[in-house]
Amino acid sequence: MNSTHQDLLTSHYADEHLATRLREAIIAEGLDPEQLTLDAIAAIDQLHVGGRRSSRQLAEQAGFSPGQKVLDLGCGTGGSSRLLVDEHGLQVVGVDITQPFVDVAQWLTQATGLTARTQFVCADAQNLPLEDASFDAVWSQHTLMNLPDLTKGLAEVNRVLKPKGSLLLHEVLQGDNLEPLSFPVPWADTAKTSHLITPAELEEQLTAAGFIKTRQQEVTEQALNWRKKHTDKEARGQTGILTPQLIFGPRFLQMGKNLMANLAAGKVRLIEGIWQKV
């Protein structure tokens with residue numbers, strides 16, 4: 001594992017006090033941190049643009065069958081993993097390079113009663129400690145943009161997928177406006193850890209890695225509308241205690257504003273799609 005890559009992402013996404021901070025906030029909300037519902041923690045376990053709605057939208061297109069085994073790549077605090085288990089009856093392994101996220105994912109999954117069908121592992125997506133051909137699908141929401149070596153990462157995805165397995169993508173890509181991004185954004189404080197590519201480059205990389213596109217659509221406008229709504233709420237202080245600001249700190253408000261500005265200016269775009277291993 002590239003320790004510099006891991007350290008950069010860990011310092012951006014989480015610190016060693018994350019679990020303590022979240023527990024205190026959950027108690028302040030009058031909730032029991034050891035007995036939680038998915039609804040109660042949605043704001044801190046769906047850290048991607050679009051929240052639960054975007055996860056549900058992608059999952060509906062996947063046509064999952066109960067009992068299938070899915071790898072949640074870059075699982076964060078485990079929100080998508082829990083949603084897939086709870087709403088689709090899947091077996092899910094969540095992988096994230098950030099140990100504090102993995103710790104929180106394990107705790108929240110136990111608190112929501114979903115440990116029987118989940119497992120969380122701290123590992124680099126570019127070097128997965130998982131067996132060949134062991135997953136029916138790989139789920140990736142806002143993960144590829146954090147991989148400095150996308151070729152290596154996609155090779156790993158291909159390796160762990162069963163024949164004809166699916167790669168489910170909900171990703172941030174480079175927009176047509178090539179001006180520098182406004183930083184910080186939710187996935188990076190500076191350009192050093194932001195690895196956005198164009199849709200054409202993504203398609204080229206996926207094809208070279210042994211995947212064929214079965215469906216893909218642009219969801220940039222949907223993402224912009226979602227971000228506008230949440231930016232307005234944040235500006236009015238209407239978001240309550242449990243928000244992504246608990247994870248990212250006070251800078252999250254600026255991250256949200258910058259993301260909205262980058263989307264509106266065409267500097268970034270979002271796609272969702274399904275690619276099948278050849």
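**View 1. β5 and β7 pair up antiparallel through nine bridges.** Strands here are DSSP runs of E at least two residues long, helices are H or I runs of at least four, and both are numbered from the N terminus. Two strands count as paired if DSSP finds at least two bridges between them. Look for Leu-168, whose bridge partner in β7 is Ile-274. Ten of the 14 residues of β5 are buried, meaning under 20% relative accessible area (exposed is over 50%, partly exposed in between; 1.4 Å probe, protein chains only). This is a predicted model, where local features need pLDDT of at least 70, side-chain atom pairs count only at pLDDT 80 or more, and totals for chains, interfaces and linings use all residues. Residues are numbered from 1 along each chain as its sequence is written, and side-chain values use heavy atoms, with hydrogens and water left out.

**View 2. β4, α7 and β5 form a right-handed β-α-β unit.** Right-handed means that, with the strands pointing away from the viewer, the path from the first strand over the helix to the second runs clockwise. β4 and β5 run parallel, joined by six bridges; Phe-135 pairs with Leu-161 of β5. The buried residues of α7 (150-160) include Leu-150, Leu-154 and Val-157.

**View 3. Cys-75 and Cys-122 stay unbonded, as the structure holds zero disulfides.** A disulfide here is a pair of cysteine sulfur atoms within 2.5 Å. The sulfur of Cys-122 is 9.2 Å from that of Cys-75, so they are too far apart for a bond. Cys-75 is buried at 7% relative accessibility, while Cys-122 is partly exposed at 26%.
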